[in-house]
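Student: I should like to study this structure step by step. May we begin once it is displayed?

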Amino acid sequence: MSLSLKKWLSSHYQTWLSRRLPAQKQHRLQQKNLFIFPSLLGASYFATISIFWLLGTNYDNNLILALCYLLISIFFVGIFHTYLNLHGLALRVTDAKPIYAGELALIELCFTRSGKRQHNSISIGWDSSHRQIIDWQGEDKVLIKLPVRVLQRGLFVPPRLSIKSYYPLGLLRCWCELAMDTTVLVYPTPVKCDSPVISSSASELSETQGSSQSISGQQQEFQELQLHRSGEPLTQIAWKQYARTGVLYKKHYADYASDISALSWHNYPGVESEMRLQHLCFEALELATQQRPFSLQLPGVELAAADTKQHLNAVLSALALYQVNADVSSQERV
Amino acid sequence: MAAAGNKLAANSIGWLMIGYCAALLPLFVHLPVWMPALAGLTLFWQLQIYRNKITVPAKLLKFLLVISSVGMLFYSLGSLFSLRGFVGLLCLAFCLKLLELQAKKDLYLLVFLGCFVSACQLLFSSTMSAFFYALICILVFHGCLITAQLQSQQQNGRSGQRGKVSAVLKLRWDSSHWRIIKSVLVLFVQGLPIAVVLFLVMPRIGSLWQVPINSSVAKTGVSDSLSVGDISRLNQDSSPAMRVTFKTKNKPDNSQLYWRGMVLADFDGKTWRRDTKISSTPVSAVQRSQLYQYATGPTAQTYSYQIMLEASGQNWLYALNTAEVENQQIRQWQDYSLTRSTVLNSRFQYQLRSHLNFKANPQTLSAEQFQLYTSLPSNSNPASRAMAEKLATQYSDPRRLIDALMRMFTSEFSYTLEPGKLQPANPIDDFLYNTKRGYCEHFASSTAFVLRAAGIPARIATGYQGGQWSSDASYLLVTQAAAHAWVEVWLDTQGWVRLDPTTAVAPQRIERGATRFLAQMQSATGLNAGINQWAFLRQMRLRLDGINYQWHRWVLGYDNQLQYNLVKQLLGGVDAWRIALLLLLATVVTAFPIAAVKLWRSRITMSDINLKSIARLEKKLLRLGLSREKGETLACFLQRSASHSTENKHVLTQLLIASNQLLYGPQQHANNTDRERIQQLLKELKY
Amino acid sequence: MAESLVLQQLVSSIGQVLLGKDNQVRLALCCILADGHLLIEDLPGMGKTTLAHALGSVLGLSYNRVQFTSDLLPADLLGVSIFNRQQSSFEFHRGPIFTQLLLADEINRTTPKTQSALLEAMEERQVSIEGSTRELPQPFFVIATQNPSHHSGTFPLPESQLDRFLMRIELGFPSKKAERKMLQGLDSREKMQQLKPLISLEQLQKLQQQARQVSVTDHLLDYLQRLIQFSRETPAFHYGVSPRGALAVLGAAKAWALLNDRDYLLPEDLQQIFPAVVGHRLSATGSNQSGDALAKFILAEVDVLYS
C-alpha cells in the first residue's frame with residue numbers, strides 16, 4: 001500500500017521534474033533548479049534551540065536567551081551559505097567514452113564557477129552508490145569522472161545527476177537533480193564462445209588462428225631500403241647496396257598478408273541473439289588486438305573488412321546499436 | 001545526516017574534545033569533586049578507543065557506569081531535583097555519551113549536549129566573561145559540525161578500503177583548521193545583527209513553570225547578627241556588594257553615604273540581633289505622612305537613585321536613611337529598614353528616594369520602645385556597666401555623655417583589622433578595659449552597650465559605608481569591604497540620630513572610604529599589600545567594573561519594561577509591523593554586505609570600453625550556462641555556444657562577427673557602432 | 001583578390017606532391033611569407049625534401065640541397081677561392097649556399113662550426129669569406145631538417161641558434177588515406193617535375209609586403225604580450241620567449257592571416273602558428289615535455305581577452 005503510494009508519488013515527482021528541468025547539455029545551478037530544505041540534523045537543531053529558549057525563559061536568564069537567538073540567526077545565515085555553496089556552478093559533460101555492458105561508465109563532467117567563491121563538500125553522483133565529493137578551493141575548473149553502472153548494451157542515457165551539499169553546518173540540504181543531455185555508447189559484453197564456430201563461407205573465412213600466424217611470416221614482401229641502425233639484425237642488411245655505396249642499408253619488408261576474417265551473425269546458430277552479439281564483440285576485439293582485418297555482417301548491417309581502429313569502433317557501435325530503438329533509451333531516464 | 005555511520009575523522013574528534021573540556025571546566029566548581037575525574041576518565045577512555053588501544057565498553061559496563069554515577073550524584077547532592085542536580089545529570093550524560101562516540105550521529109548528539117552544557121554555566125554565573133566563554137564554547141561546537149561536513153570527502157577518498165583503519169589521532173595544526181575557524185566566525189558575525197534584533201524585540205514571557213534555582217549564592221559581608229569578638233581578623237573582600245546610580249546631578253558626600261541595612265535592637269550580652277517585633281511592624285501611616293511632609297518642605301536634602309544589589313541570599317535591602325519607597329516588592333518597617341518579600345538569589349535592582357536630613361518626629365518614645373532600646377542582660381559585662389553608670393552620673397546631658405565617650409575612644413583606642421579574640425563571657429569589658437583595639441563592630445557594639453547602660457536608648461545599624469566612584473563618576477561601587485556597623489541613638493529633641501564611634505577612632509575610614517583606608521592600614525601593618533594599594537590596578541578594576549555594571553544593567557537587566565521602552569524609542573511605537581520591519585532591516589543589514597561583496601567581486605573592472613562590452617556579453621552568456629575557457633578565443637566560444645544553444649544560433653553568429661570586428665577589425669572601423677550592435681544583439685538572446 | 005587565389009593555388013599544388021599535410025604546407029608557406037627560415041624536425045623519409053623542393057618549384061626559386069655530415073666544413077657550404085691558372089688570379093667558387101632556397105639536410109649531424117656558419121648567413125643574409133662580404137641572393141630561405149636529437153652522433157643546435165628559425169614543424173606520418181593515395185598515385189618525382197612556378201619573384205615580394213601590412217589591434221598586441229609574459233614569468237620554463245621570438249610570432253601570425261585571405265589579425269591566427277613558432281624556443285624546467293606541449297600549455301593558460 002505504502003509502496004504503491006511511494007511509487008505514485010515518485011513518478012509524479014519525476015514528471016514534474018522533467019517538465020521543470022528538461023535535459024540540457026549545460027546546466028547552471030541557480031534559483032530555478034536548486035532546492036533547499038532543513039535536514040534531519042537541522043530539525044534536531046531546532047529542538048535544541050527550543051530547549052535553549054525554555055531554559056532561558058524559565059530561569060529568566062537573558063544570556064541563555066541571547067545564545068538561543070544567536071543559534072536561530074546562525075541557522076538563518078546558514079540557509080544563505082548552504083545555498084551559495086551550490087549557486088553559480090556551471091557544469092557540462094566533456095567526455096563520455098564508450099564502454100562494455102556491465103562496466104562502470106565514466107562520464108567526465110567539467111565544473112566551472114562564476115566568481116572566486118569556495119565550494120566545499122559537494123556530493124555528486126548519478127546514483128547513490130557511486131558518489132564523489134568535490135571540495136573546490138583554488139582551481140578555475142574541476143574535471144570529475146563520475147561512474148555509473150550500466151548493464152544493458154545500447155545507447156545509455158544516464159539518470160538524473162544529483163548534486164547535493166550540506167555545507168557548512170549540515171543543518172540544511174541544498175540539492176538539485178539535473179538531466180544531462182548526453183549518451184554513452186554501450187558495447188555488448190565480450191564473451192568467448194565455447195562451442196566451435198561455424199564458418200559461413202569457408203573460402204573467405206580464415207582457418208584457425210594458429211595457421212594464419214604461420215602464413216604471415218612468409219607473405220612479407222620487400223618494400224624499401226632503409227638506413228641500417230646499429231643493433232638491427234644483420235640478416236636484413238642489403239649487402240649488394242653496401243658493396244656499391246658503402247652505406248649499410250637494410251631491407252624493409254611489409255606484411256601484405258591478407259587473411260580476412262568474417263564475423264557474422266550466422267556463425268552462431270542456436271545461440272540467443274544478445275549472446276551472439278557478445279560473442280561477436282569478443283571476436284572483434286580478439287582480431288583487433290592481432291591487427292587482423294575483419295568484416296562484420298549482421299542482419300541489415302554489413303561492414304567491409306579493415307583493420308583500423310576506426311573500423312573496430314564502427315563494428316563495436318554496430319553491435320551496440322543493433323536493434324536498439326530510440327524509445328528504449330529514453331525510457332531509461334528515471 | 002546522509003553520511004551518518006561513517007567513521008569519524010581526527011579533525012572532528014579534536015574539535016569535539018576541545019569543546020568538551022572547555023564546556024565542562026567552569027561547571028566543575030558547582031559539581032561534586034569526583035565529576036572532573038569522571039570527565040577525565042571518559043575523555044581518556046575515548047581517546048584510547050579511537051587509537052584502537054581499548055575496545056568499546058560492553059553494554060553491561062556502560063549500564064553499570066550510568067547507574068553508579070547517577071547514584072553517586074544523588075548521594076553527593078542529596079537531591080536530583082535541584083539546579084545542581086539537573087546540571088549534574090546533564091554533565092553526566094555528556095561525559096558518558098562520549099564513550100559511545102563512534103558514528104556521526106553520536107557526534108551530533110554530543111555537539112548538542114555540549115551546547116547545553118556550555119549554556120548551563122550561565123545559570124551559575126552571569127558575568128560578561130562567562131557569557132563570552134559560553135559563546136566561544138558554542139562556536140567551537142559549531143566548528144565541530146563543520147568538520148563533520150568537511151570530513152566526508154576524506155571518508156570518500158578511502159571508502160574503498162575495508163576494515164578498520166588504525167587511526168592515529170594527530171591533532172596537528174593545519175590550514176583546514178583556519179578554514180573552519182573562518183567559516184564559524186563568518187557565520188557568527190553575519191548572524192550577529194539578527195541575533196541582536198531578536199534579543200531586543202522578542203517578547204519575554206517569564207517563567208513557564210517553577211524551576212529549581214541556585215541556592216548557593218554568595219555570602220554577604222553583612223550578616224543578620226553582630227557578635228563582638230568572634231572574629232579575630234576581618235577579611236578584606238573587594239567583590240562588589242552593590243552599585244548605585246544617582247539620578248540627580250549633585251551627589252552626597254562620602255561621609256553621608258551610610259547604606260543602612262538592618263537595625264539590630266536585641267542584645268543578649270554577646271550578640272546583637274534584630275528585634276522580631278519591631279522588624280515585623282510596617283511603617284505607620286503617621287511616619288509616612290511625616291516623611292512626605294518633610295520631602296515637600298524647603299529644607300529637604302533629597303537624592304533619587306537606583307541600586308543594583310548583588311545576590312545576597314538574604315532579603316533585606318540597603319538604602320540611605322531615610323528612604324521613601326514606591327515599589328510593591330519592597331516593604332518598609334517601623335525602623336525604616338527595607339526588605340524584599342523573597343530572598344535575593346540573583347541581582348536585584350530598585351529605585352529609591354532618600355531624605356538625608358530627615359529626623360523622625362521627636363515624638364516621645366513609647367515606654368515599651370524605651371524599654372526595648374535600653375534593655376541589657378543583667379549579668380553581663382559588669383565593668384562596662386559600672387563605667388556607664390559613672391558617666392551617667394557625671395553627665396546628665398546625653399550629648400555630653402556621648403562626647404566624653406568619644407573622647408575616650410579617640411585618646412585611648414585604636415583601629416585595627418586584627419583585634420584578636422575577646423574573652424567570650426564579657427567581651428565588651430575585655431574590649432573597653434584590656435585590648436582597646438578593634439574595628440567598627442567593636443566600637444559600635446560597645447558604644448551601644450554603654451549608652452544603654454546609661455539609660456539612653458540606642459541600637460545598632462549595619463550596612464555599608466562609602467563607596468568608590470566609577471572612573472566617569474557615573475555610578476558608585478560599594479564593595480563587601482565597605483561593610484560597616486554604627487550606632488543610632490535616641491535624643492529627646494532630635495529623635496533617632498546616627499552616631500558612628502569609628503569616626504572618633506579613625507576618621508579617615510569615613511572620609512576616604514573604606515577601601516583606600518583599609519589598604520593603607522594593611523600596608524602599614526605589614527600585611528600583604530593587596531591590589532588595592534596600586535592606584536593603577538585600582539583604576540583598572542574600576543574600569544572593568546564599569547563595563548561589568550553596564551553589562552548588568554543593559555544585558556542582564558534587560559526586561560520587558562526596558563524592552564518596551566527601547567522599542568518604543570527606536571521605532572516610535574510597539575506594533576507587530578514595526579517589529580517585523582526591524583527584523584527585516586536586520587536581515588538586510590546581514591545580507592547587504594554579502595550581496596555587496598558578491599557584486600563587487602563580479603563587477604566588470606575593465607578600463608577598456610571595448611573589453612567592457614565583451615565582458616558584458618560573456619556575463620549574459622553565463623546566464624545561458626556557457627562560459628569561455630581561458631585560452632579559448634571569443635569566436636571559438638561563440639561558435640561553441642551557438643552549437644549548444646540552437647535557438648540563439650543566429651544571434652550568436654551575428655555576435656561573433658560583430659565582436660571580432662570590434663576587437664580585431666581594421667583600425668579605421670567605427671568601434672561604437674559595433675558596440676551598439678553587440679548591445680542590440682544581446683537583447684535578442686533568449687534564455 | 002588575386003593574391004588569395006594565388007596562395008590557394010600554391011597550397012593545393014604543393015599538396016598534390018605532399019599528400020595529407022595541408023597544415024604543414026600552409027605553415028611552411030606562411031614561414032616563407034613572413035620571410036623566415038624553417039626547421040623541420042622529423043625522421044627520415046617523411047617528405048622533408050619533397051616539401052622543400054616543392055616549395056622551391058612553385059615559388060620559382062633556385063634550389064640547392066646540402067647534406068650536412070660531420071665532415072662538412074664551412075667552406076664546403078659557403079664556397080672557396082681557387083687559383084685560376086689561366087687568369088692567374090683567385091676565383092671565388094660559390095658554395096651551395098648561394099641560392100634562393102637552401103635545404104640543409106640533417107643540420108644537427110654537422111659540427112657546431114659549420115652550423116654557426118650557416119646560421120650566421122641566415123641571420124645576416126650575407127657571407128664574409130676571405131675578407132670580402134658577399135651578398136646572398138634575394139630572397140634567401142633556409143629549410144633545415146634535423147633528426148630528433150636523441151640519435152647518437154649528433155650535435156644538437158643550441159637554443160640561441162634555434163631562435164633564428166622562424167618556425168619548427170614536424171611532418172609526421174601521413175594518414176592511412178593519404179598514404180594509400182600516395183601509394184596508388186604517380187611517382188612523386190614525376191609529379192615534382194610537373195610543378196611549375198606559380199608566382200614570380202616580384203609577386204612573392206609583394207605578398208611578403210602585404211603580410212607585413214596586416215593590421216593588428218591593441219587587443220591582439222595585449223594578448224601577444226600576455227602570452228610572452230606568461231612564458232617569462234611562469235617558473236615552469238627555463239627562460240621565456242625572447243623579443244625576437246615575440247616578433248616572429250607576430251610576423252608569422254600576420255602571414256597566416258594573409259594566407260586565410262584576411263587583412264586583419266585574429267587571435268585564432270596567433271594560436272594556430274604559436275606552437276610552431278614558439279615550440280623550439282621553450283624548454284621546461286625539470287620535465288621532459290616537448291616544446292609543442294609547452295606552447296599549448298601557454299595557450300590554454302593565458303586568457304585571450306583580459307589580463
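Student: How many bridges join strand 1 of chain B to strand 5 of chain B?

Tutor: This is a predicted model, in which local features need pLDDT of at least 70, side-chain atom pairs count only at pLDDT 80 or more, and totals for chains, interfaces and linings use all residues. Residues are numbered from 1 along each chain as its sequence is written, with chains lettered from A and ligands numbered from 1 in the order in which they are written. Strands (DSSP E runs of at least two residues, numbered from the N terminus, as are helices, H or I runs of at least four) pair if DSSP finds at least two bridges between them. Strand 1 and strand 5 (residues 271–273) of chain B run antiparallel, and the bridges joining them number 3.

Student: Which residue in strand 5 of chain B is the bridge partner of B:Leu226?

Tutor: Strand 5 stands between strands 1 and 4 in the open sheet of chain B, whose order is 1-5-4. Strand 1 (225–227) is an edge strand, pairing on one side only. In strand 5, the partner of B:Leu226 is B:Trp272.

Student: How many residues of helix 2 of chain C are buried?

Tutor: A residue is buried if 20 or more other C-beta atoms, placed from the backbone, lie within 10 Å of its own, exposed if 12 or fewer, and partly exposed in between. Among the buried residues of this helix are C:Val25, C:Leu29 and C:Ile32. Helix 2 of chain C is mostly covered, the buried residues being 10 of its 12.
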